[in-house]
Amino acid sequence: MSNHPLPKQSFIQGPLAGVSTTPFRELVWQYSQPTFVSTEMISCKTILHDPQFIQQRFINKSPLEKKLSVQLSSHEPAELAQATKIVTDMGADLIDLNCGCPKKKIRSKNTGSKLLSDPQKLYYLIRAMKDNTHVPVSIKIRVDSQSDDNFNAQIATVVADAGADFLVVHGRHWTQGYETPCSYDDIAFFVSALAIPVIGNGDVACKASLDKMLATGCAGVMIGRAGVGQPWLIAQLQAALLNQPFSKPHSKQIAEIFLLHTKRLINLLGSERFAVFHARKLAKYYARDIFNKTEFCDAVNNCESFSTLKSLCTQYF
Ligand SMILES: Cc1cc2nc3c(=O)[nH]c(=O)nc-3n(C[C@H](O)[C@H](O)[C@H](O)COP(=O)(O)O)c2cc1C
C-alpha cells in the first residue's frame, strides 16, 4: 500500500550537489515553508563505509528541518537496502534514489541516469528501498520521449509496479544538461500515466514558469537552482499563487543571509577556509541581482577569510 506523503501543491527544494548542506536547508526552512528539502545525492558505498562521516557532513538534520529527504545513489539492491536502513535510523523523513545524474563519472558506475536504461533493475532497486524503510520512497528521473522503445512508458510502469510513493520528473533528457528548455509534455505524460503523485522539476523560478509547470497537472514542483541564494523563493511563489503581496529581502538583507549561510558552513565544516571556499560557489547565486555581479564574484573567488567576505558584501550589496 502506497503512502501519500505529499500535500496538494507541494513545494520542494531539490537536491543540489555541493549546495544542499544543512546550512542551506536550514535557510530554506527559515524563509519558506517547503513540503520538504533534500540532501544532495549520497553514494551508498560511502554510507556503508563511513556512516558517521555521512551523518556529520551530509545528513546532520537540524531542529529547524521539519522534513528531510535523503537522496541515495546506488545500482546494487543489496547495498541500497542496507543504506536505506541506515539513513532511516539517521532521521530521513523520505528517501529518494537518484536516477537522473548525467555526469560521466556517475553513469560509468552504472548509477544516476544510467539506471533508466535497465527498468528491471530499477524495479529491484525501488523494492530494496520500500522493503527496508517505513518512510515514503521516491525516485528522481530525467525524461526520454525520443527513443524508439517507449522509454517513458516503461519507466512509469516500473515505478508503479515497484510501489514508489511518488515520482520526481526533471523534464530534460540526460544528454541535455541544464540549459535546454524543460519538456513539459514529458512531465504531463508521467502525470497521466501514474496514479501516484508526480512532482515536476525544471526551470521553475517565477510565477510564469510555475504556471507552466502546474499546467502539466503535476502534484507539486521541485525547485532546483533558483532556490540557491533565494531561500524565500518558495514563500514568494506560494504568495504569488494566492495573489498575495510578498516583500523580497532587500540587497543588504540578502548579503546578511549569505554571511549567515557562510557562518553556519564554518560550524559545519570546522574550518573557516573550507567554508569560504564553499561560499565562493554560492556567490553568483546570492549576487544574481546586484549591479556589479561579475566584479563581486571575481573578488569572492580570491577571498580566503570570513572578514574579507564580509567587507566585500558591505562594499557590493
Ligand atoms: C550544481 C547542481 C548540482 C545538482 N545535484 C543534484 C543532485 O545531487 N541530485 C539530483 O537529483 N539532482 C541534482 N541536480 C539537478 C537538480 O536537482 C535539478 O533537477 C535541475 O537543476 C533542474 O531543476 P532547475 O531547472 O530548477 O535547476 C543538480 C543540478 C545542479 C545544477
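**Notebook: a barrel and its neighbours**

I began with two strands: E7 (residues 198-201) and E8 pair in the parallel sense, joined by three bridges. Within that pairing, I found Ile 199 standing opposite Gly 220 in E8. I should jot down early that this is a predicted model.

**Entry: the other side of E8**

Which strand, besides E7, is bridged to E8? I looked and found E1 (residues 10-13), which runs parallel to E8 and is joined to it by four bridges. Here Gln 13 has Ile 223 in E8 as its bridge partner.

Next I checked the two faces of E8 (residues 220-223): are they buried or exposed? On one side Gly 220 and Met 222 are buried, and on the other side Val 221 and Ile 223 are buried too, so both faces are covered.

**Entry: the whole barrel**

I then followed the strands around. Eight of them close into a barrel, in the order E1-E2-E3-E4-E5-E6-E7-E8, with parallel pairing. On average, neighbouring strands of this sheet are turned by 25° against each other, ignoring direction. A friendly reminder to myself: strands of a sheet pair through backbone hydrogen bonds, either parallel or antiparallel.

I looked at one more pair. E2 (residues 36-43) and E3 (residues 68-73) run parallel, with five bridges between them. One partnership I could point to is Ile 42 with Leu 72 in E3. Helix H3 (residues 51-59) packs on the sheet there and touches both E2 and E3. The direction of H3 makes about 140° with that of E2.

**Entry: Val 28**

I picked a residue from a helix this time. Val 28 sits in helix H1 (residues 22-31). Why does Val 28 count as buried? I counted neighbours: Val 28 has 27 C-beta neighbours inside 10 Å, and 20 or more is enough to be called buried.

Who are its contacts, apart from neighbours within four places in sequence? For Val 28 I listed Gln 13, Pro 34, Val 37, Gly 227, Pro 231 and Ile 234. Gln 13 was already in my notes as the bridge partner of Ile 223. I also checked a distance to E7's end of the chain: Val 28 and Asn 201 are 173 residues apart along the chain, and their C-alpha atoms are separated by 17 Å.

**Entry: two unusual phi angles**

Most residues other than glycine have a negative phi. I went looking for exceptions. Asn 60 is not a glycine, yet its phi is positive, about 40°. Asn 60 lies in the loop between H3 and E3. It has 18 other C-beta atoms within 10 Å, so Asn 60 is partly exposed.

Asp 203 is another non-glycine with a positive phi, about 70°. I found Asp 203 in the loop between E7 and helix H9 (207-214). Is Asp 203 buried or exposed? Asp 203 counts as buried because it has 23 C-beta neighbours inside 10 Å.

**Entry: around the ligand**

I counted 22 residues around the ligand, and Pro 15, Ala 17, Met 41, Gly 224 and Arg 225 come nearest. The shell divides into nine nonpolar, nine polar and four charged residues.

**Entry: two domains**

Last, I looked up the domain assignment, which gives domain 1 (10-241) and domain 2 (251-316). Their centres, taken over C-alpha atoms, are separated by 28 Å. How many residues does each domain bring to the contact? I noted ten from domain 1 and ten from domain 2. On the side of domain 1 that touches domain 2, I found five nonpolar, four polar and one charged residues.

Technical notes:
Residues numbered from 1 in each chain as written. Predicted model: local features only at pLDDT ≥ 70, side-chain atom pairs only at ≥ 80, totals over all residues. Domains from an automatic or database assignment. Contact = placed C-beta atoms within 7 Å. Nonpolar A, V, L, I, M, F, W, Y, C, P; charged D, E, K, R; others polar. Near = placed C-beta within 6 Å. Buried ≥ 20, exposed ≤ 12 C-beta atoms within 10 Å, placed from the backbone. Pairing = 2+ DSSP bridges. Axes fitted to C-alpha atoms, helices over the stretch in contact; angles between N-to-C directions.
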